[in-house]
Amino acid sequence: MRKRNWKAPAAVAVSAALAFAGAPAATAAGRHPTPEQRATALVARMTLDEKITELHGVQNADHQRYVPGVDRLGIPPLAVTNGPAGVGPGDDPVQQPATALPAPISLAASFDTSLARQYGVVTGAETGDLGENVLEGPDVNIARVPVSGRTFEGYGEDPYLAGQLSVGNIKGIQSQGVIAEVKHYAANNQETNRGSVNEIIDDRTEHEIYLPQFEASVKQGGAGAVMCAYNRVNGPYNCENDHLLQNVLRGQWAFDGFVQSDFGAAHSTVASAEAGMDLEMPTGIYYDTAMRQAVQSGRISERSIDTLLVDRFATMIRLGLFDRPAGTSPVPIAADGAFARDAAEQGTVLLKNSAAQLPLDASALHSVAVIGPYAGAAKTGGGGSSQVKPEYTVDPVDGIRDRAGAAVSVGYDSGADPAAAAALAAKSDVAVVMVGDDETEGQDKPSMALSGNQDQLVEAVEAANPHTVVVVKSGAPVLMPWAAEVPAVVETWYPGEEDGNAVAAVLFGDVNPSGKLPVTFPRSAADVPAHTPEQYPGVNGTAVYSEGLDVGYRWYDSQGIAPLFPFGYGLSYTTFAFSHLKVTPVLTPDGQVTVGADVTNTGSRAGAEVAQVYLTDPASAGEPPRQLKGFAKVQLAAGQTRHVSFTLDQRAFSTWESAAQQWGTHDGRYTVSVGDSSRDLPLAAAVQVRSTFGAQGVDVSAPPVAAPGSTATVTTSFTNTGDLPVAQVSTALHPPAGWTSAATSPASFAVVAPRSTVRTTWHVRVPADAAPGSGTIDATASFGGPRHGTSAASAVLQVPHASLAAAYDNRGVTDDADPSAGAFVDSGKTYSAQALAAVGVRPGPVTYAGTSFTWPAAGNGQPDNVEANGQVVAFSGSGDLLAFLGAAASGTHGGTGTVYYTDGSSQPYSLSFSDWWTPAAGDQVVATAGYINAPTGRYEHTADLYYAAVPLQAGKTVQAVALPATGSSPSPGLHIFAMAAH
C-alpha cells in the first residue's frame with residue numbers, strides 16, 4: 001500500500017518543524033527538542049484567547065469537524081473525519097466519496113492483524129487524500145448485547161482479539177501521518193439511552209473485559225487520540241470520569257496523546273478539564289466562554305488548560321502535522337477498491353455447508369435465482385457517522401451474473417412476495433437468498449430476529465428448492481430459525497462497495513472462505529448474557545453489568561449453553577487438522593510459556609485456517625472456563641503442514657487484582673488448548689504455575705476529616721501478594737501543596753516477605769489557613785530487584801468549614817425594602833425577612849420539634865444558607881437526632897450525606913426537602929403570608945420552611961457533617977439554613 005508522497009525526509013522535516021512551530025532550533029545540549037518541549041514552548045507564547053480557541057471545535061457553513069489553527073504561531077488546523085469503516089462524513093459539509101470498506105466486524109472475522117494494518121493504511125491514506133488529519137477510529141467497544149446499533153463498527157466480543165486488530169489498524173492509519181482516535185472510551189456498549197445511561201461495572205470486569213483493547217491500542221498501537229464516550233461509568237460521565245481518564249488512561253497506561261469528546265459528550269468545564277478531556281467537539285459549549293470565565297474566576301488555572309493544549313500539540317507534532325503543508329490528492333479508486341474486495345472476501349464466514357452445496361460450479365449450472373431484500377443493491381455499511389459515500393458499488397445480482405457467465409441465467413426477485421420468490425427458486429438450479437439487518441448509530445435493534453418477512457422468505461425458498469444458499473448480511477448475530485433446514489449459510493456482514501464481487505467470489509469458490517466468528521450466534525434471544533432489563537437496557541437510567549466477566553462465549557461456556565455457532569467458528573472448502581502440541585510445562589522465571597502446534601490442510605484445496613489458543617485458569621482464579629490468548633492465520637496448500645508457535649507472556653496468565661490495582665497471577669494448573677474455535681479445541685496441555693511474583697500494591701488510610709491546624713495520622717500499607725520476596729521497598733507520602741508529612745515509623749524495607757504486609761505511620765499537618773474542601777493524599781511505593789516496579793494509591797481528607805455559617809453561599813432572605821439583594825432561586829426571588837418574622841422565624845433561637853436551632857443573623861442580602869452539594873462542615877454535638885431547617889428550590893431535592901464521628905467512624909444519611917413554593921404536609925415548619933420578595937418587589941405567594949431529621953448513633957459525638965451531594969444542574973437546589981443535634 002502507498003504512503004503519503006508529501007512526507008519530507010527526516011532532516012528536512014525537523015528543520016521545517018522548528019521554523020513552522022516557532023520552536024528553538026535545539027536544546028542546550030545540542031539535541032532537537034522533543035514534541036512535548038516544542039508544544040510547551042509554543043503554548044507559552046499563546047494568549048488566553050488563542051488558547052480558548054484551540055480547546056474546542058467549530059461548526060459553520062464551511063466546517064463540521066474542525067479546530068482552526070493559529071497562523072501567528074504556525075499552529076495548523078485540526079480537520080477531523082469519521083471512521084472507522086472508511087472516511088465518513090468528515091469536516092466537509094458535503095460528504096466526499098471514499099472507499100466503502102467492509103464493516104469492521106468483517107475485519108474482525110478475518111482474525112488477521114496484517115489485514116487490519118492494511119485496512120488502516122487505506123483509511124489513513126484516504127483521510128489525508130481528502131484533506132483531513134484525524135480519523136475517528138477504530139471503534140473497539142465490546143459487543144456486549146447483540147442488538148446494539150453499532151456492533152458492526154467494532155471487533156466483536158473478545159478483548160484480546162479486538163485489541164490486537166486495533167493495534168494493527170492504528171499502526172496502519174498513523175503510518176500515513178494521520179492521527180488515529182480510538183473510541184468510544186469506555187464501555188459504550190449500547191445506543192439506547194447512550195447519552196445518559198449509568199453503567200455499573202465492577203473494577204475487575206472493567207480491566208479484564210472492557211478496557212484491555214483500549215490499553216493495547218494505547219500501549220502497543222500508540223494511538224494518538226482517545227475519544228471519550230457519551231455514557232457514564234459508575235457515576236461520572238466518561239468525559240469527566242477522573243478514574244478512567246486519569247487513574248487508568250494517563251496513570252496505569254501512561255497515555256501521552258489527547259482526549260477528544262464524542263460530539264456533545266462533554267457535560268462540564270472544570271470537571272472535564274481536571275479529568276483530562278483535552279478537546280471538546282463539535283463546538284465549545286463548555287470549553288469556550290465557560291472556560292474563559294472559569295480561568296478568570298480562578299476555578300481552573302491557566303496552567304491546567306496549558307496541559308490540555310500540550311497534550312494535543314505534542315501529538316500533532318509527533319505525527320508530523322506541524323511539519324508539512326496540508327493538501328488533497330485523488331483517491332486511487334481502483335487500487336483501494338481491490339483491497340476492499342479482498343478484505344470482504346477474507347471476512348466472509350462459511351457457517352454451514354451440507355453435502356458440499358458450496359462452492360457453486362458455473363459449468364454445471366443453467367440457472368441461478370438471486371433473491372431477497374439484500375440482493376438488489378450493495379450493502380456498503382451501517383448507518384450513522386461511520387457511513388461512507390462509496391466511490392462506486394457492485395450490486396450482488398451483477399456480481400453473481402458476471403461471475404456465472406453468459407451461459408448461466410441469473411434471475412432476481414426482491415423477496416417482497418415470498419410466493420413469487422419461491423416460484424423463481426423452483427425453476428432454478430440454485431437459489432441464493434440474501435437477508436440481513438440494518439444497524440445504525442443512535443438506536444439499537446428491537447430484537448435479534450430478522451425484520452419483516454425475511455424468515456418466511458428463507459423458509460419458502462428452501463421449501464421450493466433444496467439447493468438453497470442463504471447469504472446473511474448483518475452487523476451482528478441474528479436468529480436463524482431455519483438454519484437446520486437450509487444446506488448452506490454464509491455470513492458476509494456488510495461487505496462494502498465490492499459486495500457483489502466479493503460474495504460471488506466466495507460462492508463460486510474463487511476464494512476459499514477463511515473467516516471466523518468474532519461474536520457468538522445464539523440459538524435463542526433468551527440465551528444471551530445480558531438478558532434482564534436491569535442488565536440491558538437498564539432500569540431508571542442504570543444498567544448493571546451483573547454478568548461480570550461472562551461476556552460473549554465466556555457466558556455460554558460458564559453456563560453450559562450450546563450456541564448456534566460459537567465464537568471463533570468458521571468452515572472452509574477444505575479441511576484442517578491440528579497435531580503435535582508442545583507447551584512449556586512450567587511458567588518460566590521471566591513469565592513466558594511457548595506454545596507450538598502443527599496445522600495440516602487435509603483436503604484437496606488450498607485455504608487458510610486460524611489457529612486459536614485458549615487458556616483455562618485454575619478454579620482459584622475465578623475466571624471463565626476458557627479465554628482467547630493467541631491466534632494466527634495460516635495459508636496452506638492442499639496436503640501442506642506448517643508449524644505455528646505462540647508466546648504467552650505473564651499477562652496471559654494474570655487476573656486483575658482490584659485491591660492492588662495491578663495484574664497478578666494465581667498458582668496452580670493452567671490448561672492451554674489449541675483448535676479452530678472456542679468449542680473445537682482438539683489439543684490440550686497443562687502448564688504449572690508453582691510460584692508467582694503476584695501483585696505489589698500500596699494502600700493509604702487517612703481519617704476522613706481534619707480541621708485546619710490539626711495533625712492527622714495516616715497509614716500506608718505495602719502488600720506483597722506473591723510467592724517470592726520483594727526487595728528494596730520504599731514508600732512515600734505526598735500531601736497537598738502547603739501541607740507537611742513526616743514518617744513516624746520506617747518507610748523503607750530491605751525485604752517484604754511473600755504474602756505479607758508492611759506499614760508506615762505518618763503525621764500529616766494541615767495548615768492553619770487551609771481552605772475548606774477535599775485534600776488528596778497520594779502514596780507511592782517503589783521496589784527493586786528483578787521484579788522492580790512502582791505502585792500508587794490515594795486517599796481524600798476533607799478540610800471542613802468551621803461552621804455551617806462559614807459555608808453559607810446563597811442569599812435566601814431579604815428585607816422588603818431591598819429585595820434585589822438576594823437570589824434564593826435563579827429568578828432572584830427570596831424569602832421576606834418581615835414575612836418570616838411574622839410567623840416567628842427571626843435571627844436567633846428557633847425551636848421546632850423539640851430542637852433548638854439558631855436562625856442566621858446575616859445582614860440583608862448576605863449569604864444565609866448553603867446550597868448543599870457535598871460541603872463538609874465542622875459540627876460538635878451528640879444526641880438522638882441531627883436536624884435541619886431548609887427548603888428546596890425548583891422542585892423537591894435531596895441526596896446522601898455523611899456524619900463523621902470523633903471515634904473515626906462514619907454514617908451515611910439521606911436528606912430531602914420539598915419546594916419552598918409548594919406546601920408539603922408533615923415536615924412544614926412555617927408558611928409565610930401570601931407574599932415573597934422578587935427583584936422588583938413583593939410577589940404574592942406563600943413561602944414554606946421545612947424540618948427534617950436523621951438518627952445519630954447512640955453514645956457517639958459528631959465531628960463533622962458532609963452535606964448531601966445533590967449535583968449542580970442547573971443548581972444544587974437543596975438549601976440548608978440551620979443544623980442542630982437533639
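**Helix packing and empty spaces in a predicted model**

The residues lining the second largest cavity divide into seven nonpolar, two polar and two charged. That cavity is one of several empty spaces described here for a structure that is a predicted model. The count comes to four cavities of 30 Å³ or more, and there is also a largest pocket, which holds about 1,300 Å³ of space. The briefing takes the cavities, then the pocket, and ends with a pair of helices.

**Cavities**

- The second largest cavity has a volume of about 80 Å³, and the residues that line it are Ala143, Arg144, Val145, Pro146, Glu157, Pro477, Val519, Thr520, Pro529, Gly552 and Tyr556.
- In the largest cavity there is about 110 Å³ of space, and of the 16 residues that line this cavity, Asn141, Ser148, Arg150, Thr151 and Asn188 are the closest to its centre.
- The lining of the largest cavity is made up of four nonpolar, eight polar and four charged residues.

**The largest pocket**

- With about 1,300 Å³ of space in it, the largest pocket is lined by 44 residues, and those that lie nearest its centre are Gln252, Trp656, Gln661, Gln662 and Thr790.
- Two or more residues of this lining are given by each of the helices α8 and α9 (242–252), and likewise by each of the strands β21 (654–657), β22 (662–665), β25 (696–701), β31 (773–784) and β32 (789–799).
- Strand β32 provides the largest share of the lining of the largest pocket, namely seven residues.
- By residue class, the lining of the largest pocket divides into 14 nonpolar, 23 polar and seven charged.

**Helices α6 and α8**

- Helix α8 (residues 212–219) packs with helix α6 (residues 159–174) at an angle of about 25 degrees, and the axes of the two helices are 8 Å apart.
- Because angles under 35 degrees count as roughly parallel, α6 is described as roughly parallel to α8.
- The crossing in which α6 passes α8 is right-handed.
- On the α6 side the contact is made by Pro159, Ala162, Gly163, Gln164, Ser166, Val167 and Ile170, while on the α8 side it is made by Pro212, Gln213, Ala216 and Ser217.
- The residues of this contact between α6 and α8 comprise six nonpolar and five polar, with no charged residue among them.
- Helix α8 also appears among the elements that give two or more residues to the lining of the largest pocket.

Definitions and conventions: Residues numbered from 1 in each chain as written. Predicted model: local features only at pLDDT ≥ 70, side-chain atom pairs only at ≥ 80, totals over all residues. Heavy atoms only, no water. Axes fitted to C-alpha atoms, helices over the stretch in contact; angles between N-to-C directions. Helix = DSSP H or I, 4+ residues; strand = E, 2+ residues; numbered from the N terminus. Parallel < 35°, antiparallel > 145°, perpendicular 65-115°, else oblique. Left-handed = near helix turned anticlockwise from the far one by under 90°. Contact = heavy atoms within 4.5 Å. Nonpolar A, V, L, I, M, F, W, Y, C, P; charged D, E, K, R; others polar. 1 Å grid on protein atoms, 1.4 Å probe; cavity = no way out; pocket = protein on both sides within 12 Å on 5 of 7 lines; lining within 4 Å. Points joined across faces, edges and corners; volume = space filled by probe spheres on them.
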